[in-house]
Amino acid sequence: MISHPSRHCTVELQALPSRIGQVRRIVSAQLRYWHMDSLIDRASLGVTELLSNVHRHAQPDKTCTVEMELLLERLRVSVRDHDPRLPVVEDAGPLATCGRGLAMVAALSESWGALPDGESGKVVWFTLPTPNAAGLVVPDGIPRLAVAERGADQMARAT
């Protein structure tokens with residue numbers, strides 16, 4: 001029996017359409033292994049968008065690394081490629097057929113970002129709160145609000 005399963009998963013691949021589906025299945029299987037089934041849909045969608053961006057935009061090659069790390073309160077998913085150009089969130093019009101990927105990642109995640117990588121590339125990442133994060137108590141004794149509660153609380157104050 002494994003008492004402390006690994007909290008880290010890394011997959012190296014060529015960001016080709018045929019490989020993106022395989023990576024989605026790996027993400028799903030790893031999250032099931034970690035008993036984080038409720039994160040599968042959002043993590044799979046987010047990684048699909050990031051890999052699609054590598055396929056569409058990364059130069060000189062499509063080689064990348066997908067990394068998932070299960071932390072205490074969140075899942076962090078990142079994609080590292082060899083193109084130093086940082087992504088830009090586009091304002092896609094209502095009839096546009098592409099250009100919404102990063103906006104979608106921002107909407108489905110707790111946080112996201114892009115950083116230059118020291119090896120002339122970049123890392124684009126997003127985080128999702130883990131299911132048990134909503135009930136955690138932070139060190140100062142104040143209960144941590146879940147993301148949905150935070151949004152409702154901010155809306156209540158704004159009205």
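Here are some short exercises, each with a worked solution, on the predicted model shown above.

**Exercise 1. Take stock of the fold**

Task: Find how many helices and strands the protein has, and the pattern they follow along the sequence.

Solution:
- Step 1. Start with the count: there are 4 helices and 5 strands.
- Step 2. Now read along the sequence, and the pattern that appears is β-α-α-β-β-α-β-β-α.
- Step 3. Add the surroundings of the residues: of the 159 residues in the protein, 38% are buried. About 9500 Å² is exposed, and carbon and sulfur atoms supply 58% of that area.
- Step 4. Finish with the contacts. Take those between residues at least 6 apart in sequence: 60% of them join residues at least 24 apart.

**Exercise 2. Put the strands in order**

Task: Work out in which order the strands lie in the sheet, and which of them are the edge strands.

Solution:
- Step 1. Follow the pairing across the sheet: the order is 1-2-3-5-4, in an open sheet of 5 strands with antiparallel pairing.
- Step 2. Look for strands that pair on one side only, and you arrive at strand 1 and strand 4 (111–117), the edge strands.
- Step 3. Going from one strand to the next, the twist averages 15 degrees.
- Step 4. Place a helix against this sheet: helix 2 packs on it and touches strand 2, strand 3 and strand 5. The direction of helix 2 makes about 165 degrees with that of strand 5.

**Exercise 3. Get to know strand 2**

Task: Describe the partners of strand 2 and decide whether this strand is mostly covered or mostly open.

Solution:
- Step 1. Strand 1 (residues 8–14) runs antiparallel to strand 2, and 7 bridges join them. Two pairs show this: Thr10 has Glu67 as its bridge partner, and Cys9 stands opposite Met68.
- Step 2. Strand 3 (residues 74–81) is also antiparallel to strand 2, again with 7 bridges. Here Thr65 stands opposite Arg80.
- Step 3. The link between strand 2 and strand 3 is a hairpin through 3 residues.
- Step 4. Count the buried residues of strand 2 (residues 63–70): 6 of its 8 residues are buried, so the strand is mostly covered.

**Exercise 4. Check two cysteines**

Task: Decide whether Cys9 and Cys64 are buried or exposed, and find how many disulfides the structure has.

Solution:
- Step 1. The cut-off for buried is under 20% relative accessible area.
- Step 2. Cys9 has 14% relative accessibility and therefore counts as buried.
- Step 3. Cys64 has 2%, so this residue is buried as well.
- Step 4. Remember that a disulfide is a covalent bond between the sulfur atoms of two cysteines. Searching the whole structure gives 0 disulfides.

**Exercise 5. Explore the nonpolar core**

Task: Find which residues have the most contacts inside the largest nonpolar core, and which elements supply that core.

Solution:
- Step 1. The largest nonpolar core has 31 residues, and Leu31 and Leu75 have the most contacts inside it.
- Step 2. Elements that each supply at least two residues are strand 1, helix 1 (17–33), helix 2 (40–57), strand 2, strand 3, helix 3 (101–108) and strand 5.
- Step 3. Helix 2 gives the most, with 6 residues.
- Step 4. Zoom in on Leu31: leaving aside residues up to four places away in sequence, the residues touched by Leu31 include Ile40, Ala43, Met68 and Leu75.

**Exercise 6. Visit four single residues**

Task: Locate Asn53, Pro129, His35 and Pro60, and note something about each.

Solution:
- Step 1. Asn53 sits in helix 2. Its relative accessibility is 19%, so Asn53 counts as buried. Beyond residues up to four places away in sequence, Asn53 touches Ala58 and Leu102.
- Step 2. Pro129 belongs to strand 5 (residues 121–129), and is buried because its relative accessibility is 16%. Its C-alpha atom is 9.4 Å from that of Ser111, 18 residues apart along the chain.
- Step 3. His35 is in the loop between helix 1 and helix 2. With 69% relative accessible area, His35 is exposed. Its phi is near 60 degrees, a positive value in a residue other than glycine.
- Step 4. Pro60 is in the loop between helix 2 and strand 2. The peptide bond from Gln59 to Pro60 is cis, with omega near 10 degrees.

Notes. Residues are numbered from 1 along each chain as its sequence is written. This is a predicted model: local features need pLDDT of at least 70, side-chain atom pairs count only at pLDDT 80 or more; totals for chains, interfaces and linings use all residues. Side-chain values use heavy atoms; hydrogens and water are left out. Buried means under 20% relative accessible area, exposed over 50%, partly exposed in between (1.4 Å probe, protein chains only). Contact means heavy atoms within 4.5 Å. Accessible areas come from the Shrake-Rupley method with a 1.4 Å probe; for residues, only the protein chains shown count as cover. Two strands pair if DSSP finds at least two bridges between them. A disulfide is a pair of cysteine sulfur atoms within 2.5 Å. A nonpolar core is a set of buried Ala, Val, Leu, Ile, Met, Phe, Trp, Tyr and Cys residues joined through side-chain atoms within 4.5 Å. Axes are lines fitted to C-alpha atoms, for helices over the stretch in contact, and angles run from 0 to 180 degrees between N-to-C directions.
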